Amino acid sequence: DPHNPADGDFCLPDAQGIPLIAGDGTVYATSGLSGSLRAIRDADGDGVISPSEVSTFQTHNVFLNSPSLAPGMAVVAPCWGPVY
């Protein structure tokens with residue numbers, strides 16, 4: 001049974017992965033339940049996050065940790081599956 005820890009490796013992610021705050025104020029957040037990666041930024045500076053200020057990339061893989069950033073690149077690794 002792949003869901004039984006006694007049968008091998010397993011990953012039990014939290015509901016929300018560890019968020020990352022970039023230098024420009026964008027918050028990158030992963031989901032341990034829905035498999036989404038979100039980028040959230042108050043682009044107009046009004047103190048309110050509107051739907052247009054949230055970008056979502058759906059991977060259908062769950063995450064435990066935060067993404068990593070490099071110039072022009074964001075990398076995130078799910079519990080099991082490909083690196084995005």
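What follows walks through the strands, the sheet and a few individual residues of this predicted model.

Starting with the overall picture, the chain is an all-strand affair in its secondary structure, with zero helices and six strands. Read from the N terminus, the elements simply go β-β-β-β-β-β. There are 84 residues in the chain, and 21% of them count as buried. About 5500 Å² of the chain is exposed, and 59% of that comes from carbon and sulfur atoms. As for how the chain meets itself, take the contacts between residues at least 6 apart in sequence: 35% of these join residues at least 24 apart.

Now for the sheet. Four strands make up an open sheet, ordered 1-2-3-4, with antiparallel pairing. Its edges are strand 1 (20–21) and strand 4, each of which pairs on one side only. In general, the strands of a sheet pair through backbone hydrogen bonds, in either a parallel or an antiparallel way.

Going across the sheet, strand 1 and strand 2 are held in antiparallel pairing by two bridges, and here Ile21 sits opposite Val27 of strand 2. Next come strand 2 (residues 27–30) and strand 3 (residues 36–40), an antiparallel pair with four bridges. Tyr28 faces Ala39 of strand 3 across this pairing. Strand 2 and strand 3 form a hairpin with five residues between them, and in that hairpin Gly35 adopts a positive phi near 80°. On the other side of strand 3, five bridges link strand 3 with strand 4 (residues 54–58), again running antiparallel. In this pairing Ser36 lies opposite Gln58 of strand 4.

Past strand 4, the chain enters the loop that leads to strand 5 (68–70), and two residues there are worth a look. One of them is Thr59, which is located in this loop between strand 4 and strand 5. Is Thr59 buried or exposed? With a relative accessibility of 8%, Thr59 counts as buried, because the cut-off for that class is under 20%. Setting aside neighbours within four places in sequence, Thr59 is in contact with Gly35 and Tyr84. The link to Gly35 has a polar side to it: a polar side-chain atom of Thr59 lies 2.5 Å from the backbone oxygen of Gly35. The side chain of Thr59 also has a polar atom 3.1 Å from the backbone nitrogen of Asn61. Thr59 and Leu37, though 22 residues apart in sequence, have their C-alpha atoms 7.5 Å apart in space.

Asn61 is the other loop residue, also between strand 4 and strand 5. Its relative accessibility of 18% puts Asn61 under the 20% cut-off, so Asn61 counts as buried too. Which residues does Asn61 touch, not counting those up to four places away in sequence? They are Ser31, Gly35, Pro78, Trp80, Pro82 and Tyr84. With Tyr84 there is a side-chain to side-chain polar contact as well, at 2.8 Å. Gly35 and Tyr84 thus turn up among the contacts of Thr59 and among those of Asn61.

Finally, there is the surface. Met73, Val75 and Val83 make a nonpolar surface patch of about 260 Å². Met73 belongs to strand 6 (residues 73–75). With a relative accessible area of 47%, Met73 is partly exposed, and it can join a patch because patch residues need over 30%.

Terms used:
Residues are numbered from 1 along each chain as its sequence is written. This is a predicted model: local features need pLDDT of at least 70, side-chain atom pairs count only at pLDDT 80 or more; totals for chains, interfaces and linings use all residues. Side-chain values use heavy atoms; hydrogens and water are left out. Two strands pair if DSSP finds at least two bridges between them. Patches are made of residues with over 30% relative accessible area and no salt bridge: like charges are joined within 9 Å, nonpolar side chains (Val, Leu, Ile, Met, Phe, Trp, Tyr) within 5 Å. Accessible areas come from the Shrake-Rupley method with a 1.4 Å probe; for residues, only the protein chains shown count as cover. A salt bridge is a side-chain nitrogen of Lys or Arg within 4 Å of a carboxyl oxygen of Asp or Glu. Buried means under 20% relative accessible area, exposed over 50%, partly exposed in between (1.4 Å probe, protein chains only). A polar contact is a pair of N or O atoms within 3.5 Å; within protein, one must be able to donate a hydrogen and the other to accept it, and residues adjacent in sequence count only if both atoms are side-chain atoms. Contact means heavy atoms within 4.5 Å.
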